[in-house]
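Good morning, and thank you for coming. Please take a moment to look at the sequence and the structure before I describe them.

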Amino acid sequence: DAWEQSPDDDFVKIFKSSAEKVLGRQVDIGGVTWGLDNRLAMYFDMPAISFGPEGSGIHGVDEWVDFDSVITCTRAVALFITRWCGVSS
């Protein structure tokens, strides 16, 4: 089923600002035309996004991710969690 997450949702806004702080640059919000597991969020009335490291060959035999970007993604997600849970601002 087609699904769209509102970019105006607080979940998205807080994640976007957290990622921008960690990455030190603007983060664009966009959609895709293929299926992602976060499309199931609508059945549970919860927000969802997709975010991940830089890489190539996703789900292929030669899939890879840049290790430094894994660390950066982890930092962005950690900052988001602390902000979402009200631990930091």
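I shall begin with helix H2, which covers residues 67–84. Its 18 residues, at 1.5 Å a residue, should span 26 Å, and its end C-alpha atoms are 26 Å apart, so the expected span and the model agree. Please keep in mind throughout that this is a predicted model.

Which residues of H2 are buried? They are Ser 69, Cys 73, Ala 76, Leu 79, Phe 80 and Arg 83. These buried residues cover an arc of only 125° around the axis, which means that they lie on the same side of H2. The face turned away from that buried side carries Phe 67 and Arg 75, both of them exposed. After H2 comes Gly 86, and the phi of this glycine is positive, near 80°.

What covers the buried residues of H2? The cover includes helix H1, and this brings me to the other helix.

Helix H1 runs over residues 10–23. The same check can be made here: at 1.5 Å a residue, the 14 residues of H1 should span 20 Å, and the end C-alpha atoms of H1 are indeed 20 Å apart. The buried residues in H1 are Phe 11, Val 12, Phe 15, Ser 18, Ala 19 and Glu 20. They pack against H2.

One of these buried residues, Glu 20, also takes part in a salt bridge with Lys 16. The closest N and O atoms of this pair are 2.4 Å apart. Why is the separation of Lys 16 and Glu 20 about one helical turn? The two residues are four residues apart in H1, and therefore about one helical turn separates them. The structure holds one salt bridge.

I turn next to the loop between H1 and strand E1, the strand formed by residues 55–56. Gly 31 lies in this loop. Is Gly 31 buried or exposed? With a relative accessible area of 74%, Gly 31 is exposed, because exposed means over 50%. Gly 31 and Ser 50 are 19 residues apart along the chain, and their C-alpha atoms are separated by 9.5 Å.

Met 42 is found in the loop between H1 and E1 as well. The relative accessible area of Met 42 is 33%, so this residue counts as partly exposed. Together with Leu 40, Tyr 43, Phe 44 and Met 46, Met 42 makes a nonpolar surface patch of about 540 Å².

Let me now step back to the chain as a whole. There are two helices and two strands in the chain. Read from the N terminus on, the elements follow the order α-β-β-α. The C-alpha trace spans about 40 × 35 × 20 Å along its principal axes.

How many residues does the chain have, and what share of them counts as buried? The chain has 89 residues, and 19% of them count as buried. The accessible surface comes to about 6,700 Å², and carbon and sulfur atoms account for 55% of that surface. Finally, consider the contacts with a separation of 6 or more: 54% of these are made by residues 24 or more positions apart.

To close, I would ask you to return to the two helices on the screen: the buried residues of H1 pack against H2, and H1 is part of what covers the buried residues of H2. Thank you for your attention.

Definitions and conventions. Residues numbered from 1 in each chain as written. Predicted model: local features only at pLDDT ≥ 70, side-chain atom pairs only at ≥ 80, totals over all residues. Heavy atoms only, no water. Buried < 20%, exposed > 50% of the residue type's maximum accessible area, 1.4 Å probe, protein only. Expected span 1.5 Å × (residues − 1). Arc of directions from axis to C-beta. Contact = heavy atoms within 4.5 Å. Patch = residues over 30% accessible without salt bridge, like charges linked within 9 Å, V, L, I, M, F, W, Y side chains within 5 Å. Areas by Shrake-Rupley, 256 points an atom, 1.4 Å probe, with all protein chains shown as cover. Salt bridge = Lys/Arg side-chain N within 4 Å of Asp/Glu carboxyl O.
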